[in-house]
Amino acid sequence: MELFSFSKIVLTELKTKKYFKSIRDLVGVTCKKCGCKELYWKKDKWQYQCKI
């Protein structure tokens with residue numbers, strides 16, 4: 001795979017992740033274990049973490 005092709009795929013994936021996160025932020029996020037609505041974003045893992 002050429003470097004240009006690889007960078008295009010990575011940028012597209014990053015944009016897609018950011019788009020879906022923005023939609024989730026608008027709708028709201030709830031913890032699946034306890035139902036809490038207080039979560040914070042773990043940027044290094046691209047996931048939400050319950051504050052409780």
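A residue counts as buried here when its relative accessible area is under 20%, as exposed when that value is over 50%, and as partly exposed in between. Lys21 is a good place to try this out: its relative accessibility is 21%, so Lys21 counts as partly exposed. Keep those cut-offs in mind as we walk through the chain, which is a predicted model.

Let's start with the overall plan. The chain has 52 residues, and 12% of them count as buried. Its secondary structure comes to 1 helix and 2 strands, and reading along the sequence gives the pattern α-β-β. The helix, H1, covers residues 3–27. Strand S1 covers residues 39–42, and strand S2 covers residues 47–50. The accessible surface comes to about 4,900 Å², with 60% of that belonging to carbon and sulfur atoms.

Before looking at details, a word on confidence. The average pLDDT of the chain is 85, and 81% of the residues score at least 70. Confidence is not even along the chain: the mean is lowest in H1, at 79, and highest in S2, at 95.

Now for the helix, where you can find two charged pairs. Side chains of opposite charge can pair when their charged atoms come close. The structure holds 2 salt bridges. One of them joins Glu13 to Lys17, with 3.9 Å between the closest N and O atoms. Both residues lie in H1, 4 residues apart, which is about one turn of the helix. Glu13 has a relative accessible area of 44%, so it is partly exposed. Lys17, at 36%, falls in the partly exposed class because that value lies between the two cut-offs.

The other salt bridge joins Lys21 to Asp25, with the closest N and O atoms 2.7 Å apart. Lys21 and Asp25 are separated by about one helical turn because they are 4 residues apart in H1. We have already met Lys21 as a partly exposed residue. Its partner Asp25 has a relative accessible area of 39%, so Asp25 is partly exposed too.

The surface also has a nonpolar side to show. Tyr19, Phe20, Ile23, Leu26 and Val27 form a nonpolar patch there, and together they offer about 590 Å² of accessible area. Take Val27, which is found in helix H1. Its relative accessible area is 71%, so Val27 counts as exposed.

From here, turn to the interior. Which residues make up the largest nonpolar core? There are 6 in all: Val29, Cys31, Cys36, Leu39, Tyr48 and Cys50. Leu39 is a handy residue for seeing how this part of the chain comes together, and it is found in strand S1. Leaving aside neighbours within four places in sequence, Leu39 is in contact with Val29, Thr30, Cys31, Tyr48, Gln49, Cys50 and Lys51. Leu39 and Cys50 are 11 residues apart in sequence, yet their C-alpha atoms are 4.4 Å apart in space. Cys31 is another core member to follow: not counting residues up to four places away in sequence, it touches Cys36, Leu39 and Cys50.

How much of the contact pattern spans long stretches of sequence? Of the contacts with a separation of 6 or more, 14% are between residues 24 or more positions apart.

Finally, let's visit the loops and the end of the chain. Lys32 sits in the loop between H1 and S1. With a relative accessibility of 85%, Lys32 counts as exposed. The C-alpha atoms of Lys32 and Cys50 are 9.2 Å apart, and the two residues are 18 apart in sequence.

In the loop between S1 and S2 you will find Trp46. This residue has a positive phi of about 55° although it is not a glycine. Is Trp46 buried, exposed or partly exposed? Its relative accessibility is 32%, so it counts as partly exposed.

The walk ends at Ile52, in the segment after S2. Ile52 has a relative accessible area of 79%, so it is exposed. Its C-alpha atom lies 9.8 Å from that of Lys37, a residue 15 positions away along the chain.

Definitions and conventions. Residues are numbered from 1 along each chain as its sequence is written. This is a predicted model: local features need pLDDT of at least 70, side-chain atom pairs count only at pLDDT 80 or more; totals for chains, interfaces and linings use all residues. Side-chain values use heavy atoms; hydrogens and water are left out. Patches are made of residues with over 30% relative accessible area and no salt bridge: like charges are joined within 9 Å, nonpolar side chains (Val, Leu, Ile, Met, Phe, Trp, Tyr) within 5 Å. Accessible areas come from the Shrake-Rupley method with a 1.4 Å probe; for residues, only the protein chains shown count as cover. A salt bridge is a side-chain nitrogen of Lys or Arg within 4 Å of a carboxyl oxygen of Asp or Glu. Buried means under 20% relative accessible area, exposed over 50%, partly exposed in between (1.4 Å probe, protein chains only). pLDDT is the predictor's confidence in each residue, from 0 to 100. Contact means heavy atoms within 4.5 Å. A nonpolar core is a set of buried Ala, Val, Leu, Ile, Met, Phe, Trp, Tyr and Cys residues joined through side-chain atoms within 4.5 Å.
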